[in-house]
Amino acid sequence: MCWKPPEYAMTRQFLTVNPDVRLPIVGFGTYLIPDEQAAAAVSAAFAAGYRHIDTAEMYQNESGVGAAIRASGLSRGELFVTTKLWPGNPAWGMPAKTYDDTLASLDESLRRLGLDAVDLYLIHAPLAAEERLDQWRALVELQRLGKARAIGVSNYSSAHIDEMQAAGLPLPAVNQVELHPWSQKPQLVGYLRERRIQPIAYSSLVPLSSWRTAEGHDSAKTDQMRTDGGHEDSPFVRMAVKYGVSEAQILLRWAIQKGYAVLPKSTNPDRIRQNVDLFSFELDADDMSAIETMDRGDGVAWAVGDPTKAE
Ligand code: A2P
């Protein structure tokens with residue numbers, strides 16, 4: 001039988017981030033997909049029904065993403081494309097980007113993507129302490145110029161956002177953060193909710209034994225965590241059996257029920273299809289409460305430690 005995109009592709013489920021910007025809840029993450037593989041992976045995602053693609057200057061795959069967009073035949077209005085400013089990081093010997101550098105960076109990203117505007121432009125992380133307010137001022141200008149329909153941040157803590165508020169600047173529409181049962185960040189999520197800043201979850205699949213096992217896919221996941229996620233008694237395995245889905249679908253569904261958008265990345269076509277098929281089951285209140293107790297604190301996706309902790 002010919003495989004068809006799941007119901008999601010037909011119904012489209014969105015979150016509203018600005019009055020006129022609707023964010024498709026399931027996006028396709030592209031971190032660690034090399035540029036030469038990005039076109040094939042993103043094309044597989046389009047075929048599976050994804051219409052929201054998340055990339056970044058730092059991922060060095062915007063050209064491949066752009067090639068898939070052009071090959072897709074999809075109209076611009078059907079697509080939602082996010083990219084991110086790499087802010088620089090003086091602590092790593094990377095000069096912090098200035099206001100003007102930031103304006104130029106989006107132009108470069110747009111050139112690589114082959115687009116006139118992105119749907120969402122984010123500051124990738126709060127790593128440029130001295131310049132991050134100016135970077136944000138530049139994003140505000142880019143939105144005014146129509147080069148970014150919505151603007152936001154990624155890996156920001158409440159203190160980083162307080163800094164923006166204290167400077168009298170508009171608040172971000174979204175904050176893209178590592179969020180999964182082992183890193184639930186309840187204080188930050190509560191803070192975002194109070195300010196109507198939409199959380200977008202990345203690295204939802206950290207608890208899986210299959211998460212970032214490929215050569216060179218670094219993280220701060222400990223051996224203990226690898227063992228905890230990898231046995232047949234894992235609570236996610238039990239829930240997967242109960243609902244007749246995969247562990248990955250349990251983790252992604254949890255995030256959606258928390259009200260987050262998700263960005264599963266995969267280069268495997270079966271997993272790409274599975275990860276967008278999240279709307280035919282619902283975790284019950286007992287399972288949601290059981291997951292609530294599993295928080296272990298900081299995220300592990302960055303080998304250098306959770307970037308929300310940056311000064
Ligand atoms: P793969 O690309 O081989 O499928 P990230 O945090 O960067 O989004 O990482 C996603 C990780 O989870 C990757 O290592 C990916 O590997 C793996 N993965 C993605 N989808 C699934 C799935 N449905 N089942 C198991 N592992 C998955």
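Is Met-225 buried or exposed? I started my notebook here, and Met-225 counts as buried, at 10% relative accessibility. The model is a predicted one, which I keep in mind on every page.

**Entry 1: Met-225**

I placed Met-225 in helix α8. Helix α8 runs over residues 223-229. My cut-off for calling a residue buried is under 20% relative accessible area, so the 10% of Met-225 puts this residue in that class. I then looked up its separation from Leu-278: the two residues are 53 apart along the chain, and their C-alpha atoms are separated by 25 Å.

**Entry 2: the largest pocket**

Next I went looking for open space. Rolling a probe the size of a water molecule over the atoms shows where empty space is left. I noted a volume of about 1,100 Å³ for the largest pocket. Its lining is made of 47 residues, and those closest to the centre are Tyr-31, Leu-32, Trp-211, Arg-212 and Lys-265.

I sorted the lining residues by kind and found 21 nonpolar, 19 polar and seven charged. Which elements each supply at least two residues of this lining? I wrote down β9 (198-202), α10 (247-257) and α11 (269-275). Helix α11 gives the most, with three residues.

**Entry 3: the ligand**

I turned to the ligand and listed its surroundings. There are 13 residues around it, and Trp-211, Arg-212, Ser-266, Arg-271 and Gln-274 come nearest. Trp-211 and Arg-212 were already in my notes, as they are among the residues closest to the centre of the largest pocket.

Then I checked the polar contacts. Ser-266 has a polar side-chain atom 2.5 Å from an oxygen atom of the ligand. In the side chain of Gln-274, an N or O atom is 2.7 Å from a nitrogen atom of the ligand. For Asn-275, I found an N or O atom of the side chain at 2.9 Å from a ligand nitrogen. How much of the ligand's accessible area does the protein cover? On its own the ligand has 580 Å² of accessible area, and the protein covers 88% of that.

**Entry 4: two positive phi values**

I scanned the backbone angles as well. Most residues other than glycine have a negative phi, and most peptide bonds are trans. Arg-212 has a phi near 45 degrees, a positive value in a residue other than glycine. I located Arg-212 in the loop between β9 and α8. Arg-212 is buried, with a relative accessible area of 15%.

Lys-185 also went into this entry, with a positive phi near 45 degrees. The loop that holds Lys-185 joins my list as the one between β8 (174-178) and α7 (186-194). Is Lys-185 buried or exposed? I noted it as buried, since its relative accessible area is 12%.

**Entry 5: Gln-184**

I stayed in the loop between β8 and α7 to look at Gln-184. Gln-184 counts as buried, at 6% relative accessibility. What lies 2.9 Å from a polar atom of its side chain? I found the backbone oxygen of Pro-181 there.

**Entry 6: Lys-265**

I came back to Lys-265, one of the residues closest to the centre of the largest pocket. Lys-265 sits in the loop between β10 (261-262) and α11. With a relative accessible area of 30%, Lys-265 is partly exposed. I also looked up Pro-87, which is 178 residues from Lys-265 in sequence and 23 Å from it in space, C-alpha to C-alpha.

**Entry 7: two helix residues**

My last page holds Gln-165 and Pro-235. Gln-165 belongs to helix α6, residues 158-166. Gln-165 counts as partly exposed at 39% relative accessibility. From Gln-165 to Pro-207 I noted 42 residues in sequence and 34 Å in space, C-alpha to C-alpha.

Pro-235 is in helix α9, residues 235-243. Pro-235 counts as partly exposed too, at 27% relative accessibility. I paired Pro-235 with Ile-151, and they are 84 residues apart in sequence and 37 Å apart in space, C-alpha to C-alpha.

Methods
Residues are numbered from 1 along each chain as its sequence is written. This is a predicted model: local features need pLDDT of at least 70, side-chain atom pairs count only at pLDDT 80 or more; totals for chains, interfaces and linings use all residues. Side-chain values use heavy atoms; hydrogens and water are left out. On a 1 Å grid over the protein atoms alone, a cavity is a set of points where a 1.4 Å probe fits but cannot get out, and a pocket is an open set with protein on both sides within 12 Å along at least five of seven lines; lining residues have an atom within 4 Å of a point. Grid points are joined across faces, edges and corners, and a volume is the space filled by probe spheres set on the points. Helices (H or I, at least four residues) and strands (E, at least two) are DSSP runs, numbered from the N terminus. Ala, Val, Leu, Ile, Met, Phe, Trp, Tyr, Cys and Pro count as nonpolar, Asp, Glu, Lys and Arg as charged, and the others, Gly among them, as polar. Buried means under 20% relative accessible area, exposed over 50%, partly exposed in between (1.4 Å probe, protein chains only). A residue is near a molecule or strand if one of its heavy atoms lies within 4 Å of it. A polar contact is a pair of N or O atoms within 3.5 Å; within protein, one must be able to donate a hydrogen and the other to accept it, and residues adjacent in sequence count only if both atoms are side-chain atoms. Accessible areas come from the Shrake-Rupley method with a 1.4 Å probe; for residues, only the protein chains shown count as cover.
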